[in-house]
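Here are a few notes to help you find your way around this structure. Have the model open beside you as you read.

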Amino acid sequence: LDSAHDYDPVWAKAEELGVSIAFHSGFIGMTPYRSPTSYVANHLSMLAEGQQSLAKSLFLGGVTRRFPTMNFAFLEGGVTWAAALFSDIVGHWEKRNLAALRAHLDPALVDRDLILELLGRYAPDARRLPSALTRRPMEPDDLLDEWAACGIERPEDIKARFADRFWFGCEADDPMTSLAFNTAVNPFGTELQVMLGSDIAHWDLPDVSEVLAEAYEMVEHGWIDEPAFRDFVFTNPARFYTGTNPSFFEGTVVEAAVAELLVGG
């Protein structure tokens, strides 16, 4: 957000080529992830923080409005940050959309005469109010409307610009992936689009044969059901790639399964 560079040509070329965009964004080396002694301190939440910053930029910068069919994935950072950000965006819009600002937070609504009367009555020795308060002009709409770029006119637009366009890569051993399917909490009863990231070859996966077994533990513990697990390991990844390129899986061992998914919904 607020970058001096215009990335729209990148998104436009990806859209032209039928390429879904996936990001791997980390914050190690940036404050507050700059401990000279502890890798663990630097690593904890680092990927999630990087992905959150990127997601906010894409959303508030209007990228998902200008490219409404482009799919974006945030890899390896899990979905906990996304569930929190999704809810936080909705809450911020409700309090800080242009109409709400004008109705509840506009300095023009301050009763200056009453303030001066009360000061004169109860604090006659107080210093005079600064003219910035007593004679403050109304701010223009284009200064106050921070939602203009992403085109948010009603709360449901947030789902279309955020949840419908974003996918979230989650590791097999992350129990918080279940938050994606908590429709009782997620705004508008939304299921966030999570997909399995095996993390093979990383230090936190010492045995590659346990990836699917660890992921399936969410079902065994009752945190998600079988249909949700299928979405996690198959449906969501398939839709991420085929949303921009329907033929992405042609010639692969899952071609028939993906074709059936696209036909059957």
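## Notes on the model

1. A good place to start is helix α10: its buried residues pack against α3 (46–60), α4 (63–66), α5 (80–96), β3 (166–171) and β4 (193–197). Please keep in mind that this is a predicted model. The helix itself covers residues 155–163, and its buried residues are Asp157, Ile158, Arg161, Phe162 and Ala163.

2. Stepping back, the protein chain has 13 helices and four strands. Its radius of gyration is 24 Å, well over the 18 Å given by the globule rule for 265 residues, so the chain is more spread out than a compact globule. Along the principal axes, the C-alpha atoms fill a box of roughly 80 × 45 × 40 Å.

3. Of the 265 residues, 38% are buried. Among contacts between residues at least 6 apart in sequence, 70% join residues at least 24 apart.

4. Next, the aromatic rings, which form 22 pairs. Phe74 and Trp81 make an edge-to-face pair, with 5.6 Å between centres and 85° between planes. Phe74 is buried at 1% relative accessibility, and Trp81 is buried at 7%. In the pair of Tyr241 and Phe248, the centres are 4.4 Å apart and the planes at 15°, so this pair is stacked. Here Tyr241 is partly exposed at 30%, and Phe248 is partly exposed at 38%.

5. Ring pairs also build a cluster, whose members include Phe74, Trp81 and Phe162. Phe162 brings us back to α10, where this residue is buried.

6. Finally, charge: there are 20 positive and 40 negative side chains, and the centres of the two sets lie 14 Å apart.

Technical notes. Residues numbered from 1 in each chain as written. Heavy atoms only, no water. Buried < 20%, exposed > 50% of the residue type's maximum accessible area, 1.4 Å probe, protein only. Helix = DSSP H or I, 4+ residues; strand = E, 2+ residues; numbered from the N terminus. Contact = heavy atoms within 4.5 Å. Rg over C-alpha atoms; globule rule 2.2 N^0.38 Å. Lys, Arg positive; Asp, Glu negative; His and termini not counted. Charge placed at Lys NZ, Arg CZ, Asp CG, Glu CD. Phe/Tyr/Trp six-rings, centres within 6.5 Å; stacked < 30°, edge-to-face > 60°.
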